[in-house]
Amino acid sequence: MATQMSSARRGVVTEEMKQVARDEDVSTDWLVSRIATGSIIIPSNNARPQNIHNVGIGKGLKTKVNVNIGTSTLNADLDAEVQKAEMAVKYHADTMMDLSDGGDVRKIRQTLLEAAPITFGTVPIYEAYNYGVEVHKNPLNLSEDDYLDAFENNAKDGVDYTTIHCGITKEIAKRILKVQRHGGIVSKGGTITAAWMLKHDKENPYITHYDYLMEIAKKYDVTFSLGDALRPGSILDSHDELQVQEMINIARLTKRAHEHDIQVMVEGPGHVPLDQVEANVVLAKSLIGDVPYYVLGPLVTDVASGHDHIASAIGAAVSAAAGVDLLCYLTPAEHLALPDAGEVKEGLIAYRIAAHAGDLVKIRDKAIKWDMEMTEARRTLDWERQLALSIDPEKAAIIHSRTGQHPGNNVPCTMCGGACVYMMLPQQKNYDSTAG
């Protein structure tokens, strides 16, 4: 079957393209031309049902937010993960990734795919790891076929995009033992792959069999999310030689995938000090071109345990403004425990704020309309409208009403009371509300 990229290159407008064009208020011609070059992607596995809401990710579109959920080897509660998925959908996550590596991971994935009718991603090596623990009793006893079977299982189940740790080579894995890193290697997929290569003295199976991965990806139209196995896990390791070498390799693999009409986005860090966040985006884009860039955070400090959703949202806003296309959220539980449903909401809301803040820089003319509506609602003390426009209407309503105020009353809030500026000095509009 045709992929979104192959369709675009033939000038064919798919239903997914029409949906994205409506959502983003762009023309299909504009969108198709950019999908054809790879600067915009629409992850959309052709094995999934047609009632999925697919999103566009890339240059010129709104910054999207991804939510990570999933079990671990120490906590595999499927019902809890379903609750998280439902929370993410309720509060408008654009994409979701299942990172499960504990329990029946395939059943968990299939259940979450049904619970979340949005763009869905996974990390196939986690299934391979789970298989190694359950069957081989040691994840390092995996065969190359085990790696590939896990990827194909994800594709068959309808996963829209998959993280593939194919930038880390055997040569780099050997250098890991010699290069001083303050935070070590914090990517689970990267660590598993590096340890496997060192034990067997073989090249990364995802590099050796990249052609096979592309064959499966093209069959199901699975988007590659080329993973940063060597992302810094401490701001002290930001932009070291391991991270940069991996990105150079990923840039080459991106071009190979595009030659086969396979959509690609590239993953980025990680932990990055604030003064290097924009530089990271510039460096990445200089290597990979206008391919969508997908970052975890980035965290701008390592000391915010319990509040990492805030520390990382700071970096996320700067990244989005600099050109990042998809933000992977963090929750207050990051580095501490699996998040619960409430923490999923907290992380998602923080990142939706960060994404919109970035869009006010990146696509201001479109993004500013939301802020303009809120400004007008505040100026006229239209509380119903203010609450409806809030990024978290439920929390805004709870706070506003806790002293007995009601949205229908055009009265000031308790912050300023009778000294409300909009009551003391009624302010008339002196601008065109349709202007940017």
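**Exercise 1. Helix H12 and the residue after it**

Task: Which residue follows H12 with a positive phi, and what span should helix H12 have at 1.5 Å a residue?

Solution. Asp261 comes after H12, and its phi is positive, near 65°. Helices here are DSSP runs of H or I with at least four residues, strands are E runs of at least two, and both are numbered from the N terminus. This is a predicted model: local features need pLDDT of at least 70, side-chain atom pairs count only at pLDDT 80 or more, and totals for chains, interfaces and linings use all residues. Residues are numbered from 1 along each chain as its sequence is written, and side-chain values use heavy atoms, with hydrogens and water left out.

Now the span. H12 covers residues 241-259, which is 19 residues. The expected span of a helix is 1.5 Å times one less than its number of residues. That gives 27 Å for H12; the end C-alpha atoms are 28 Å apart, which agrees.

Last, the buried side. Buried means under 20% relative accessible area, exposed means over 50%, and partly exposed lies in between (1.4 Å probe, protein chains only). Buried residues of H12 include Leu242, Glu246, Met247, Ile250, Leu253 and His258.

**Exercise 2. Helix H7 and its flanks**

Task: How many of the 14 residues of H7 are buried, and what lies just after H7?

Solution. Start with the length. H7 runs over residues 144-157 and reaches 21 Å from its first C-alpha to its last, close to the 20 Å expected. Next, burial. 11 of the 14 residues are buried, so H7 is largely enclosed by the rest of the structure. Among them are Tyr147, Leu148 and Phe151, along with the acidic Glu144, Asp146, Glu152 and Asp157.

Then the flanks. Just after H7, Gly158 has a positive phi of about 105°. On the other flank, Lys137 sits in the loop between helix H6 (124-136) and H7. Lys137 is not a glycine, yet its phi is positive, near 65°. Its relative accessibility is 66%, so Lys137 counts as exposed.

**Exercise 3. Another positive phi**

Task: Is Asp221 buried or exposed?

Solution. Locate Asp221: the loop between helix H11 (210-220) and strand E7 (223-226). Its phi is near 55°, positive in a residue other than glycine. Its relative accessible area is 2%, so Asp221 is buried.

**Exercise 4. Cis peptide bonds**

Task: Where does Gly270 lie, and which residues does the cis bond with omega of about 5° join?

Solution. Gly270 lies in the loop between strand E8 (264-268) and helix H13 (277-288). The peptide bond from Pro269 to Gly270 is cis, with omega near 25°. The bond with omega of about 5° joins Gly297 and Pro298. Pro298 is in the loop between strand E9 (293-296) and helix H14 (308-322).

**Exercise 5. Around helix H15**

Task: Which residues does Thr331 touch, and which does Gly358 touch?

Solution. Contact means heavy atoms within 4.5 Å. Thr331 is in the loop between strand E10 (326-328) and helix H15 (341-362). At 4% relative accessibility, Thr331 counts as buried. Not counting residues up to four places away in sequence, Thr331 touches Asp308, His309, Pro339, Glu343, Val344 and Gly347.

Gly358 is in H15. It is buried, with a relative accessible area of 0%. With the same sequence exclusion, Gly358 touches Ala317, Ala320 and Ala321. Gly358 and Gly347 are 11 residues apart along the chain, and their C-alpha atoms are separated by 17 Å.

**Exercise 6. The whole chain**

Task: What radius of gyration does the chain have, and why does it agree with a compact globule?

Solution. The radius is taken over C-alpha atoms, and the globule rule is 2.2 Å times the number of residues to the power 0.38. For 436 residues the rule gives a value near 22 Å; the chain has 23 Å, which agrees. The C-alpha atoms fill a box of roughly 75 × 50 × 40 Å along the principal axes.

Now the content. The chain has 19 helices and 10 strands. Of its 436 residues, 53% count as buried. Among contacts between residues at least 6 apart in sequence, 74% join residues at least 24 apart.
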